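Here are my notes on the model you passed along, as numbered points. Keep the structure open while you read.

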Amino acid sequence: MASRALYSPRHPMLKKRDGFEDILEERRRSSDLRYALRCYTPTLYKGLVPCKASMLKSIVLQSDHLQYVIKQVSSESGDRTECVAEEASLILDEMAHRLQLSTVRFFAFMLNKAFKRLFRSVCVNEEGIQRLQQAVQEHPVVLLPSHRSYMDFLMMSYLLYMYDLPLPVIAAGMDFMSMKFVGEMLRMSGAFFIRRSFGGDKLYWAVFSEYVKTMLRNGYAPIEFFLEGTRSRTCKSLTPKTGLLNIVMEPFFKGELFDVNLVPVSISYERILEESLYARELLGIPKPKESTSGLLKARRVLSEDYGSMYVYFGHPVSVRSLTEGKITRSQYNLLPRYDTCNQPRSECFALKAYIIHTKHLNVFLSQQGFKGFCFPFGEPCLSSSRTLGGQAWRSARRQFFSGLVDFTNHKAICVLDDVYNCFNFLRNMFSNEFILCPGDSVQDFEEACYLLMKRGVLQVSEHEIVMSASGHSTLAFLSSVLDPFLQGYQVVSRYLCEETNENLTEKEFIPAVRNFALKLILAGRLKCYEALSSDLQKNALAAFLRLKGVRKVKVGDQVTLKVNKIAVNSLEDTLGKSDVISYQNSWCSSMAMFEIAI
Amino acid sequence: MASNSSSTAQQRLRIIAGHLQKRPEDEHPSVAAQECKAETSRSNPSSATPVPKRRQEIMKWNGWGYSDSRFLFNKKGQAEFTGKRYRLSGLILPSLKDWFEGTFGANLQHKSPATPTVNLSAVAPPDLNEPFVEDLKAAGVAMSHDPEDRVFRAHGHCLHEIFALREGRIGRVPDMVVWPSCHKDVEKIVELACKHNVCLIPYGGGTSVSSALECPREETRSIVSLDTSQMNRILWIDEKNLTAHVEAGIIGQDLERQLNERGYCTGHEPDSMEFSSLGGWVATRASGMKKNIYGNIEELVVHIKMVTPRGVIEKSCLGPRMSTGPDIHHFILGSEGTLGVVTEVTLKIRPIPEYQKYGSVVFPNFQQGVACLREVARQRCAPASIRLMDNEQFQFGHALKPQVSSIFTSFLDGLKKFYITKFKGFDPHHLCVATLLFEGDRGKVLQHEKQVYDIAAKFGIHYKKHLCVCVQDLGMDYYVIGESFETSVPWDRVLDLCRNVKERIVRECKERGVQFPPLSTCRVTQTYDAGACVYFYFAFNYRGLSDPVHVYEQVEHAAREEILANGGSLSHHHGVGKLRKEWMKESVSGVGLGMLKSVKEYVDPQNVFGNRNLL
């Protein structure tokens, strides 16, 4: 892998600076069995209400909120309350974890063996562990790891066990549960299973949210969410599922908890176990169903070398300080406490929390290097980055994650407003692609300008932006980072304008775009392989839907897409303007999220 | 006990004297620290004189209460309560020192003594409105512009006010004090004040804890403090209707004592009743400890007479309830001196209860305690008073226990402690205690008691013991400052509110550089059908802080925000004053505030009652 050569020499220094500790080193020297059986005395939350997993169930079922929803559902559907309550109880049975220390010990033993074979080293920042130890005692903790691989989940529990931290309960997708035996094992190691989608099901939502909130309120265990909802195929952060964050923030808003700590955790791999699977998935080959036999077949990965793995525990983010002055908690005062339906949504904060979360990850990544970030198809950014100096490169890194880059004309001097308009357009266009807080565009713009200025790339006066000579390489890199997205979106828009017929269904869209892009590539008219990625295509479609270039029409069972060719054309034009001539332009990038850590 | 053997004969005498003062209904030998304030009125004839014009002669000018009664640490480092007025007076409190040092990290070596007397040169010369003074003289109203008199009436008992006095800092003070002796005098004063455009600030007991008595800095007119203390007579008692017509300047304990002599009581016993006045209760919507039987002030008043710049406001009859539009009494109750001076009040009175009984219940934790109080309220069988203290206060109560006088009582104490902590398995760091007071005729009290203890048995255990709290001044001598504030909150939010506010206090103190963890504690003092009144006490050791009062205010501000965020009210009975004004709009809505403002506008267009409270 190209990236490896680039980063390996940095290791010794990195290790020292960030206090990363290779945890496998010690494991290789001592007995796995003794390790698995060692005395485990975790630090506990000071306000812990001791209760067993079985008690948890009755607390949830008796809770005012659930009782209220049960009555509501029963009066709406006409079913008897007992039936609905029974249903709730079944949902809970299906969902609930049965955390057992013995299973965890078993996993610890097995994982020791596996990790030692798979990875050269597993590096953890000890400082982060200490911070977590503190945080765990003070307030209930929600762990928010990034999700790149199935490994993440096992790794987190393994690490917390190792550092004598309370074992987390983990929200896992229902698909794991269908795996024979393994599903139950996961359940006993703290996983609880949720359906992938349950938007309309009031009862399910009530059971689920009450279950999570009860565990949080009692300080039962840290709760682990994969906010991205699913493993990121491209290693790029995905737009988060804010519903889960809403749930964990609510006890604070309603005063049931003094505070909740959100602890972002970044897990990155030099090489991901599922890398070939991901590439295939993005090219349209469906994901194999999770099954135990599949897992056994995947044994062969054990014989390969996956390099090092880095786990970075970020700074705990206090929900209280995050929302201070931004939300009036007293608005909950006039409603009965069991009622969560009529309450104002706090999505915006959830999003902010998430952005802070990614910020931490990014800071970490920028320190650590480029590891873990790579497109499955070729690495245009990486190759160009090699030519850049370390400092500029790191800044570029930061810019990239913010996601947005903006071009204007060739001129070295540009009018500020034009740049802003262009920036705003792209920000709007790519808001499905990158995590952006709606409404923060001015703030983002200013921050981006500031950062670029600080790097000596730009000079921003009241009305103009002047590009400095030394900033070329940075800008070149930044534009090359965004280039695949620009080109990819253009391919999609070209497809929509040129190839579509009247009744294009939503299902056909992705394969059709893929074929179109493939043709272009084979014809040599397109160099950018990212256009093949189904993720990008989906996001592009969502963007066009949002910007009214395309609308959905329901015909019978099928959803067809109606293209407004004029609108799409003009969008493409604007994209195109920003395209071709990238380097010499001024740039701005949005970045609500990063402060410079270094 | 070592201290026991070395105690002097004099101390013994004092202890014996203390025992002799014990109330007959107090049966238990180990019950020691009695509710001090409630008791004085009955057992102590020495305080029988009404408040003199020169209050500073008997009261502390820079702290709470009488000059001769205070906590101090004697030469041996033991805490002692001086004076003869209270049951605790003259007693040695051996555990207080350890508690004090342990809780606050305070050291008795580090003293921060107060300025012993008023620094009169710091008082600005009075800015008198001569024509007003002349007219007043002609009308024959008593007045003074002596600096001590003026300083005494320039403050309530907010921490920042007292602290400034202790350090000898004196801000804007009234330019003059007047003492009307009857309703007519007040009418005259208000009329003249309007005529000559001076600012009037009514002053009753001076026990405000909401900065209500502070003179507004922006006031440019001459400020006249209207001291109602000489209007202190009971004008008549109507035994047929069980009402009494009383002048509003009367101090709570005097009212109660005089009524007691006739066989009656009002039953209104706010914690401040030793010093607070009837008019003050009306003006702030006061609440008494025994409101479960007698009601809060708004339920006690039958008729109010108030002098406003527009004239006198009163109802035309003494009917027990009227449907004549919004109750005009409610414009007066809680008006905090912004509309006029309450001069006379007709109050309900009750025959003195035949029987009183104190008791306590110990709970394994605060949650159980609150659950018990909630159940008692649900069944509507609350005794005259029921108060729940959290663990920190329970420990403080223990620290106030006087030196044990015999081996037998110390043995009994040990036995009780053993029973609760070992036999029942209550953790001494979590257990909390509720104190109860039953009142009425003997048979009913016993029956009532049984009902309550039956409920309590589900949550905790019955235990007899009683406590009292008032050590702010002592703390201040040793770099510790603290105060209390209150709120009312629906039942289901009580626990969350208590926890969050206490935690917020600790957190804020830490952030502001307080070196030792603060004392942050609460008690539930009143129960209602739909909620409870919660009292917070908060104190910290301020050594090492350059501006402790500012830190204190910031923390208190944060705590109030936390209360409001958690569904608590702005105030249950202390009032708004100037301290909590900023939240009024949020609390009563813009329209609500507008209504109050338009009343003020009509009643007092010149803003003669210019203390700028509330609005």
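Before the sheets come up, one term: two strands count as paired if DSSP finds at least two bridges between them. Also keep in mind that this is a predicted model.

1. Let's start with a pairing that shows the term in use. In chain B, strand 6 runs parallel to strand 7 (residues 223-227), and 5 bridges join the two. If you want a spot to click on, B:Pro202 sits opposite B:Leu226 of strand 7 of chain B.

2. That pair belongs to an open sheet of chain B with 4 strands, in the order 4-5-7-6 and with mixed pairing. Which strands stand at the edges? They are strand 4 (142-144) and strand 6 (199-203) of chain B; each has a single partner strand, so one side of each has no neighbour in the sheet. From one strand to the next, the twist averages 25 degrees.

3. Something packs on this sheet too: helix 5 (residues 130-139) of chain B, which touches strand 4, strand 5 (176-179) and strand 7 of chain B. The direction of helix 5 makes about 20 degrees with that of strand 5 of chain B.

4. Chain B has another open sheet, this one of 5 strands in the order 8-9-13-11-12, with antiparallel pairing. Strand 8 (234-238) and strand 12 (311-313) of chain B are its edge strands, each pairing on one side only. Neighbouring strands here are turned by 10 degrees against each other on average, ignoring direction.

5. Inside that sheet, look at strand 9 (residues 243-247) and strand 13 (residues 341-348) of chain B, which pair in the antiparallel sense over 5 bridges. B:Ala244 stands opposite B:Leu347 of strand 13 of chain B. Helix 8 (residues 183-196) of chain B lies across strand 11 (301-308), strand 12 and strand 13 of chain B, at about 35 degrees to strand 11 of chain B.

6. Now to where the chains meet. Chain A gives 14 residues to the contact and chain B gives 14 residues. Between them the two chains bury about 1200 Å², with 34% of it on carbon and sulfur atoms. On the chain A side, A:Phe258, A:Asn333 and A:Arg337 lose the most area to chain B, and together they make up 48% of what that side buries.

7. What about charges and polar groups? The rule finds 5 salt bridges across the interface of chain A and chain B, and the count of residue pairs in polar contact is 16, with both residues at pLDDT 80 or more. By class, the side of chain A that touches chain B has 4 nonpolar, 4 polar and 6 charged residues. A:Arg337, one of the residues that lose the most area, forms a salt bridge with B:Asp496, with the closest N and O atoms 2.7 Å apart.

8. Over all chains, the structure holds 43 salt bridges. One of them links A:Lys46 with B:Glu503, the closest N and O atoms being 3.2 Å apart. A:Lys46 lies in the loop between helix 4 (32-36) and helix 5 (53-62) of chain A, and B:Glu503 in helix 19 (residues 494-511) of chain B, so this pair joins two chains.

Conventions
Residues are numbered from 1 along each chain as its sequence is written. Chains are lettered from A and ligands numbered from 1 in the order in which they are written. This is a predicted model: local features need pLDDT of at least 70, side-chain atom pairs count only at pLDDT 80 or more; totals for chains, interfaces and linings use all residues. Side-chain values use heavy atoms; hydrogens and water are left out. Contact means heavy atoms within 4.5 Å. Buried area is the accessible area (1.4 Å probe) that two parts lose on being put together, summed over both. A salt bridge is a side-chain nitrogen of Lys or Arg within 4 Å of a carboxyl oxygen of Asp or Glu. A polar contact is a pair of N or O atoms within 3.5 Å; within protein, one must be able to donate a hydrogen and the other to accept it, and residues adjacent in sequence count only if both atoms are side-chain atoms. Ala, Val, Leu, Ile, Met, Phe, Trp, Tyr, Cys and Pro count as nonpolar, Asp, Glu, Lys and Arg as charged, and the others, Gly among them, as polar. Axes are lines fitted to C-alpha atoms, for helices over the stretch in contact, and angles run from 0 to 180 degrees between N-to-C directions.
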